Protein chains: 2
Amino acid sequence: MESFLIEHFRKIVPLDESEAAYIASHFTYKKFKKHQFVVQEGAPVPNSFLVAKGSLKSYHTDDNGKEHILQFGFENWWITDFYAHSNETPATINVDCMEDSELYCLSLQDREKLCAELHKVARFFLTKANNGYLAQQQRILSLLNSNARERYEQLLLLYPGILNKVPKQLIAAYLGVSRETLSRL
Amino acid sequence: MESFLIEHFRKIVPLDESEAAYIASHFTYKKFKKHQFVVQEGAPVPNSFLVAKGSLKSYHTDDNGKEHILQFGFENWWITDFYAHSNETPATINVDCMEDSELYCLSLQDREKLCAELHKVARFFLTKANNGYLAQQQRILSLLNSNARERYEQLLLLYPGILNKVPKQLIAAYLGVSRETLSRL
């Protein structure tokens, strides 16, 4: 499975064999079961996760027990509570597996070490951070526009094939609409 | 005013004098009038802007002519249509000056050149992109939670002193609430 990790990096930066091996040596490969938590509200968040197989969701549960979905994570996506992870504070969201999943785990310390040692790794994460920022900017605009159909279309663009992978009630929780509204879209 | 630019970078990465001068040589310093556009919907977005003086807002106007504010930019903030800028596509939002403003302008080509040449600059923008990502994550959660009071409190945390700087109708447009709702907060 190491080749998955290296191919993931090579989509953005060229790496020779020794660089690739060095980078890979900082990741831990782990398997998780459906419904298992990888980040739990209130707990520390030492790792970020690259999804090699399976799918996850990050979400916040409000005071009324309602789930609000921040992000889905499919193959080749990164997921964690990025805020808590970067600031070394307790998680404010949960991340759990929607199906059995296999993840590459990277600690904050190793991420910073790799970025400091290898210019290419810093550039890789800069590209990832920029792309994440841009996707979120589009999402904020769509939430402010509060046009449910536009939000729905944007979701399909961001996550092609999601309708076959994710239950309807989770898609509604991502869009911030009711199941009934979703059915009309 | 060059020292402002250098101090801005040095908050995140150490720079010696020659590095500082080299970085500064890629920026253009420009003055803009209140209400002047720095990014206009439909036009190319060659530059991103670091605010040295004044204040700006980025916003999208919906089909009903309603303004939705994506971001405010005060001193030491970066602002542009980051999506259009990075993808070299026409702007989908406007950015204009809420008062007379002075900005450091950086082209995409020069930004990429600096990031490729100087590891420190890549790390500077990585930190900025991460911080921007995290602020947006909080904003998405607050929009999904759709609790106007929480959104209001988060705004005050993100932009201390904003109530003295920005007209109430613009704050309402940022929060996605009516003027009447804002008055109650």
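These legends walk through several close-up views of a predicted model with chains A and B.

**View 1. Two copies of the chain, one rotation.**
Let us start with the whole pair before zooming in. Chain A falls on chain B after a rotation of 180° with 0.0 Å of shift along the axis, and the RMSD of the superposition is 0.0 Å. That is the relation of a two-fold axis. Both copies use the same surface, as 100% of the contact residues of chain A recur in chain B.

**View 2. A salt-bridge network around R10(A).**
Over all chains, the count of salt bridges comes to 12. One of them joins the side chains of R10(A) and E17(A), with N and O 3.1 Å apart. How exposed are the two partners of this pair? E17(A) is exposed, at 59% relative accessibility, while R10(A) is partly exposed, at 29%. The pair does not stand alone: E7(A), R10(A) and E17(A) are joined into one network by salt bridges that share partners.

**View 3. E19(B) and K120(B) connect two helices.**
Here the closest N and O atoms of E19(B) and K120(B) are 2.9 Å apart, in a salt bridge. Which elements does this pair link? E19(B) belongs to helix α2 (residues 17-24) of chain B and K120(B) to helix α5 (residues 119-145) of chain B, so the bridge spans distant parts of the chain, 101 residues apart. The acidic partner, E19(B), is buried, with a relative accessibility of 17%. The basic partner, K120(B), is partly exposed, with a relative accessible area of 29%.

**View 4. K57(B) and D96(B), a buried salt bridge between strands.**
The side chains of K57(B) and D96(B) form a salt bridge, 2.9 Å from N to O. K57(B) sits in strand β4 (residues 56-61) of chain B and D96(B) in strand β7 (residues 94-97) of chain B, and the two residues are 39 apart along the chain. Buried or exposed? Both K57(B) and D96(B) are buried.

**View 5. β7(B) and its partner strands.**
This view stays with the strand that carries D96(B). N94(B) and D96(B) point one way from β7(B), V95(B) and C97(B) point the other way, and all of these residues are buried. Strand β2 (residues 37-39) of chain B pairs with β7(B) in the antiparallel sense over two bridges, and F37(B) has D96(B) as its bridge partner. β4(B) also runs antiparallel to β7(B), and four bridges join them. Within that pairing, L56(B) has C97(B) as its bridge partner.

**View 6. The four-stranded open sheet of chain B.**
In what order do the strands of this open sheet follow one another? The order is β1-β8-β3-β6 (chain B), with antiparallel pairing. At the edges stand β1 (28-32) and β6 (78-79) of chain B; each has a single partner strand, so one side of each is left without a neighbour in the sheet. The partner of β1(B) shown here is strand β8 (residues 101-107) of chain B, and five bridges connect the two in the antiparallel sense. Look for Y29(B), which stands opposite Y104(B) in β8(B).

**View 7. R139(A), a buried arginine without a salt bridge.**
R139(A) lies in helix α5 (residues 119-145) of chain A. Which side chain of opposite charge is nearest to R139(A)? That is E67(A), 12 Å away, and R139(A) is buried yet has no salt bridge. A polar atom of the R139(A) side chain does lie 2.6 Å from the backbone oxygen of Y174(A). Beyond residues up to four places away in sequence, R139(A) touches I69(A), L70(A), Q154(A) and Y174(A), along with I140(B) and L144(B) from the other chain.

**View 8. R123(B), in contact with both chains.**
R123(B) lies in helix α5 of chain B and is partly exposed, at 32% relative accessibility. Leaving aside residues up to four places away in sequence, R123(B) touches E112(A), C115(A) and A116(A), as well as V13(B). The C-alpha atoms of R123(B) and I12(B) are separated by 8.4 Å, although the two residues are 111 apart along the chain.

Definitions and conventions:
Residues are numbered from 1 along each chain as its sequence is written. Chains are lettered from A and ligands numbered from 1 in the order in which they are written. This is a predicted model: local features need pLDDT of at least 70, side-chain atom pairs count only at pLDDT 80 or more; totals for chains, interfaces and linings use all residues. Side-chain values use heavy atoms; hydrogens and water are left out. A salt bridge is a side-chain nitrogen of Lys or Arg within 4 Å of a carboxyl oxygen of Asp or Glu. Buried means under 20% relative accessible area, exposed over 50%, partly exposed in between (1.4 Å probe, protein chains only). Two strands pair if DSSP finds at least two bridges between them. Copies are superposed by least squares on the C-alpha atoms of residues with pLDDT of at least 70 in both. Contact means heavy atoms within 4.5 Å. Lys and Arg count as positive and Asp and Glu as negative; His and the chain ends are not counted. A polar contact is a pair of N or O atoms within 3.5 Å; within protein, one must be able to donate a hydrogen and the other to accept it, and residues adjacent in sequence count only if both atoms are side-chain atoms.
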